[in-house]
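User: Please take one part of this model and go through it closely, with the cut-offs stated as you use them.
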Amino acid sequence: MKVFFGIDIGGTQIKFGVFSEKAKLLQKWSVKTDLSEAGNRIIPQVGKEVGNWLQKQGLTEKSVSGIGLGIPGPVDEKGYVRTCVNLNWHDFYPAIELEKEFPDAVIAAGNDANVAALGEYMQGAGKKYSSAMLITIGTGIGGGIILNGKIVSGAHGIAGEIGHITTDSEATGTCNCGNTGCVDHIASATGIVRRMKELLVQNKENHALRGKDFTAKDVCGKAAEGDALCIRCIEQCMEPLGKAMAFFSHAFDPQVFIIGGGVSRAGDIILEPLRKFYQKNLYLIQEGADIRTAQLGNDAGMIGSCMMAMDKASETERQRI
């Protein structure tokens, strides 16, 4: 029996998926990420979890055909992680470290948004398309580009970073990256809460969210109920993201934008303003890309990580022939 592992490494938890050689999910689980020793325990933790699963099945390391790692930060084509603040990694090659424990397996590493995009492309909302971009709207804004079944990572691993596009030169809010007016700063879940608080200060009328410790989910929920101020908040926050999506269409012309992340669960409350501002800023084409919600949820990263490892294993096999 030969298996592949798709592993989504996050700053809070690590998600593991075991897959057959035909990419069928056999089992999945998650564990709390061990951030001790400045992140040096993470790869040994991954190796131990994989080893424990193999032992329970009566299998050895030679049963592992490949392991894919999704990393929450830029990863270049050689698997190099210059900086990953969530894991405390600097100048690190996670795949090379894991190869020491599984020398017979193909190990691949990629940015978590990129591998999630690959997962949606192969088994989720992007299955019928040849090119796609996944945009995740959560605490921040992430993006991953897939062209003809391949992840586009770029020279430095930052391709698809739509969250750090500036669409308003007069914006003053400073993003965590140090730039001003980033889409991430405005359209993320954090940005939605920030903008709603500003609107409540400007508008003195009674409001259901005034004085409460609310979330982006609360704002989206009230907008769905028809609350005018919350609708205005969502429109203002989605405008820069819709405009940035138009920029990306002009740059590489995907067939579909797949919207994922926690905020995407609001559905049309988010999608309708995105479609409006996306279309408003298209100039070279009339209709542009489809815009759909993601289908795989939290499994997208581990599925995409597995698919990345499978692709690398296939490429390695072709090179041997």
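How many residues does the largest nonpolar core have, and which of them have the most contacts inside it?

Analyst: The model is a predicted one, in which local features need pLDDT of at least 70 and side-chain atom pairs count only at pLDDT 80 or more, while totals for chains, interfaces and linings use all residues. Residues are numbered from 1 along each chain as its sequence is written, and side-chain values use heavy atoms, with hydrogens and water left out.

The largest nonpolar core (buried Ala, Val, Leu, Ile, Met, Phe, Trp, Tyr and Cys residues joined through side-chain atoms within 4.5 Å) has 42 residues, and Ile-135, Met-238, Leu-241 and Met-245 are those with the most contacts inside it. At least two residues of this core come from each of strands E8 (131-137), E9 (141-147) and E11 (256-260), and likewise from each of helices H4 (183-187), H5 (189-202), H6 (216-224), H7 (228-252) and H8 (268-280); these are DSSP runs numbered from the N terminus, with H or I over at least four residues for a helix and E over at least two for a strand. Helix H7 gives the most to this core, with 12 residues.

Strand E9 also leads to a backbone detail, since Asn-148 lies in the loop between E9 and E10. Asn-148 has a positive phi of about 50 degrees although it is not a glycine, and its relative accessible area of 64% makes it exposed (over 50%, against under 20% for buried and in between for partly exposed, with a 1.4 Å probe and protein chains only). Most residues other than glycine have a negative phi. Ala-38, in the loop between strand E3 (25-32) and helix H1 (42-56), likewise has a positive phi, near 55 degrees, but counts as partly exposed because its relative accessibility is 47%.

Helix H3 (residues 112-123) offers a further view of burial. Of its 12 residues 9 are buried, so H3 is largely enclosed by the rest of the structure; the buried residues are Ala-113, Asn-114, Val-115, Ala-116, Ala-117, Leu-118, Gly-119, Glu-120 and Tyr-121. The end C-alpha atoms of H3 are 16 Å apart, which agrees with the 16 Å that its 12 residues should span, the expected value being 1.5 Å times one less than the number of residues. At the start of H3, the backbone nitrogen of Ala-113 has a side-chain oxygen of Asn-111 within 2.9 Å.

Technical notes. A polar contact is a pair of N or O atoms within 3.5 Å; within protein, one must be able to donate a hydrogen and the other to accept it, and residues adjacent in sequence count only if both atoms are side-chain atoms.
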